[in-house]
Amino acid sequence: MRNPLEYGFEQARAVADAVLFEGYVLYPYRASAAKNQLRWQFGVLVPPAWTATTGEHAVQRTECLLEPRDGDRLHAELRFLHVRRRTVERLDPDGGYTEVPELELPDRVLVPWDEGHEERVLVHETFAELTGDQAAAHAVRFDLPAAVEHEPVTDAEGRTVGRLVRHRQRLTGELRPRTEELPGPYRVLRLTVSVHNTTAADEDAGSDRETALTHSMIGAHLLLGVPGGRFLSLTDPPEWARPLVAGCSNDHTWPVLAGPPGTEDVLLSSPIILEDHPAVADESPGPLYDATEIDEILSLRTAALTEREKREARGTDARAAEVIDLVDDMPEAVRERLHGAIRGLRDITGEDPPGEPPAGADSGLTLPEGPGHPWWDPTRDPDGPEVPDGVVIDGATVRAGSRVRLTPGARRSDAQDSFLVGRHATVEAVVGDLDGETHLAVVVDDDPGTDLRRAQGRFLYFKPDEVAPLGDRPRDGKEAAP
C-alpha cells in the first residue's frame with residue numbers, strides 16, 4: 001500500500017539514518033582500531049534468551065497520543081540493522097579458497113568485519129483493526145532466514161583474487177500495534193506499538209554478546225504516520241493533554257514529532273533522546289558515524305590519515321570508504337562551513353525599539369578591576385540583593401579572608417566538587433545571587449592558579465553549609481581556633 005506520507009517519512013529518515021548508524025564505524029574508520037572493537041550501542045534488541053547475559057533488551061515499547069481527525073489508518077515503518085558477518089578468502093592456485101586475516105589490494109585492504117544491512121518492516125492498518133479485543137491478539141510478524149552470500153574480489157586487471165563471504169543468522173520478530181480511545185472532550189487515541197525480538201536461541205549457540213548481535217535488531221526505531229490526523233508532542237503537549245501524556249509509558253525509546261516544523265502527522269520513535277522536529281545541520285557534508293564528534297574535527301583528522309590507513313578504512317566497510325572519499329574530495333568552501341554557524345540570533349536578542357538605546361548600554365554594570373573581586377560583583381549591581389559582609393557558620397562569623405574547610409555534600413550536582421572535600425580554602429568574598437541565595441567565593445590552598453583567579457575574579461563558589469570555619473587569620477599561615 002502506498003504511504004501518502006512518504007515525503008514526510010523521507011525527511012524523517014534523514015534524521016533516523018543518523019540514529020540508525022550512530023557509532024556504526026568510529027574514526028579512524030579501520031576495523032583494527034580499538035574504538036571499533038565494541039560496536040552497536042543504541043537500540044539493540046536481542047533474542048529473549050540473551051537478555052540476562054548481555055544486559056540488553058528484547059522489547060521496545062512506544063506509546064503516544066494522536067488525534068485521528070479525518071484519518072482512519074496508521075502507517076508504521078520499523079527500521080534496524082541486521083549484522084552480516086564478513087570473512088575474507090584468498091583464491092588459491094588450485095582454484096580453492098582459504099580464509100585469511102586480510103587481503104591487500106592496491107586501493108584497499110580487505111579484513112573481516114560485521115556489516116550492518118538495513119531492514120524495514122512496513123505496517124498499514126486501519127484504526128478499526130487496531131482497536132478492541134482483536135487488537136490484543138494482533139501482531140505483524142517477520143522472519144529473516146539465515147543465508148550465506150559470496151562476492152568475488154578482483155584486482156585492477158579484473159582477475160579474481162579472492163572473495164568476501166557474508167553470513168547472516170536467522171532473526172524473527174513482531175510488531176504489536178494497538179489503539180485505545182481515551183475519555184475526554186476531544187477524540188484522542190493512545191497508540192501503543194511494541195517491537196519484539198522473538199528469535200529462538202539454538203541449543204549450541206554461545207551466550208556472549210557477539211553471538212547475540214547476529215540475531216539482533218540494531219539501532220531499532222519506528223516511523224509512525226497518520227494521514228489526516230496529528231500526533232501530540234510528548235515534550236510540549238497542549239495543556240489539556242498533559243495528564244494524558246503523563247500516563248504514556250515508553251521503554252527504551254523516545255518519540256518526537258518529525259518532519260518539517262509545523263507538521264504533526266509523522267512521529268519518530270528512536271532510542272536516542274531528540275527534540276521535536278530534529279534536523280541534520282545544513283552544513284553537514286554527509287554521515288561521519290562517529291557519535292557526537294564534530295564534523296570539522298573528524299574531517300580534518302580523516303584527511304590526515306596515511307594512505308595505508310585510508311586503504312584499510314576503504315576495505316573495512318563501504319560506508320567507511322564513502323567517508324574517506326567524502327573527505328578527500330571535499331571542496332575547501334564546504335570545509336570552511338564546518339567551522340561553525342550562527343542561527344536564530346535575532347530570535348534571541350530581538351530588535352531594539354527605534355529611538356531607544358540598546359539593552360544593557362546603561363545598566364550601571366561594569367566589570368570589576370583589580371584583585372579580590374569576584375567576576376560578578378553584587379555591590380555594583382543596582383538590582384542586586386542586599387548581601388551581608390559575613391555569615392555565621394557553626395557559631396563563627398565567616399567573611400572575606402576567613403579560612404574554611406570545604407565540605408560539599410551529595411546534593412551538589414558538580415562531580416568535580418567531590419575532589420575538593422576536606423581541602424582548605426580562603427574566602428575571597430561573600431556574594432548573593434539574584435535568587436537571594438548567599439555564596440562564598442573561595443580559592444583553594446595550594447592551587448597554583450590562585451593568583452590568576454584573584455586577578456580575574458574567577459573563584460569557586462560554595463554555599464555556607466558546604467564549608468566549615470577554620471579561623472579568621474587568613475594567609476599568614478597561622479590559624480586561629482574557630
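**Exercise 1. Cysteines**

How many disulfides does the count come to? Work it out for this predicted model, looking at Cys64 and Cys248 along the way.

*Solution.* Start with the cut-off: two cysteine sulfur atoms must lie within 2.5 Å to make a disulfide. Next, take Cys64, whose nearest cysteine sulfur belongs to Cys248 and is 7.0 Å away. Turn the view around, and the nearest cysteine sulfur to Cys248 is that of Cys64. Neither residue is in a disulfide, and the count comes to zero. While you are there, check accessibility: Cys64 has a relative accessibility of 1% and counts as buried, and Cys248, at 15%, counts as buried too.

**Exercise 2. A histidine and its surroundings**

Find His75 and decide: is His75 buried or exposed? Then find which side chain shares a polar contact with the side chain of His75.

*Solution.* First, locate the residue in strand 2, which covers residues 73-91. Second, compare its relative accessible area of 3% with the limit for buried, under 20%. His75 is therefore buried. Third, look at the side chains: His75 and His124 are joined by a polar contact of 2.6 Å. Finally, leave aside neighbours within four places in sequence, and the residues in contact with His75 include Met1, Phe9, Val123, Leu224 and Pro227.

**Exercise 3. The nonpolar cores**

Which element gives the most residues to the largest nonpolar core?

*Solution.* Begin with the core itself, which has 36 residues. Leu78, Phe80 and Leu224 are among those with the most contacts inside it. Now go through the elements that give two or more residues to this core; strand 1, strand 2, strand 6 and strand 12 are among them. Strand 11 gives the most, with five residues. To see one core residue in detail, pick Leu78: its contacts beyond four places in sequence include Val121, Phe142, Leu175, Val195 and Met217. A second, separate core has 27 residues, including Val25, Tyr29, Ala31 and Ala320.

**Exercise 4. Aromatic rings**

Why does the pair of Tyr186 and Trp240 count as tilted?

*Solution.* The whole structure holds five aromatic pairs. For this one, the ring centres are 4.6 Å apart and the planes are at 40°, so the pair is tilted. In sequence, Tyr186 and Trp240 are 54 residues apart, each in a loop. Tyr186 is partly exposed at 43% relative accessibility, and Trp240 is partly exposed at 32%.

Now try another spot: ring pairs link Phe21, Tyr24 and Trp40 into a cluster. Over the ring of Tyr24 you will find Arg39, 5.1 Å from the ring centre, and the charged end of Arg319, 5.0 Å from that centre.

Terms used: Residues are numbered from 1 along each chain as its sequence is written. This is a predicted model: local features need pLDDT of at least 70, side-chain atom pairs count only at pLDDT 80 or more; totals for chains, interfaces and linings use all residues. Side-chain values use heavy atoms; hydrogens and water are left out. Helices (H or I, at least four residues) and strands (E, at least two) are DSSP runs, numbered from the N terminus. Buried means under 20% relative accessible area, exposed over 50%, partly exposed in between (1.4 Å probe, protein chains only). A polar contact is a pair of N or O atoms within 3.5 Å; within protein, one must be able to donate a hydrogen and the other to accept it, and residues adjacent in sequence count only if both atoms are side-chain atoms. Contact means heavy atoms within 4.5 Å. A nonpolar core is a set of buried Ala, Val, Leu, Ile, Met, Phe, Trp, Tyr and Cys residues joined through side-chain atoms within 4.5 Å. Rings of Phe, Tyr and Trp (its six-membered ring) pair if their centres lie within 6.5 Å; planes under 30 degrees apart count as stacked, over 60 as edge-to-face and the rest as tilted. A charge sits over a ring if NZ of Lys or CZ of Arg is within 6 Å of the ring centre and within 35 degrees of the ring normal.
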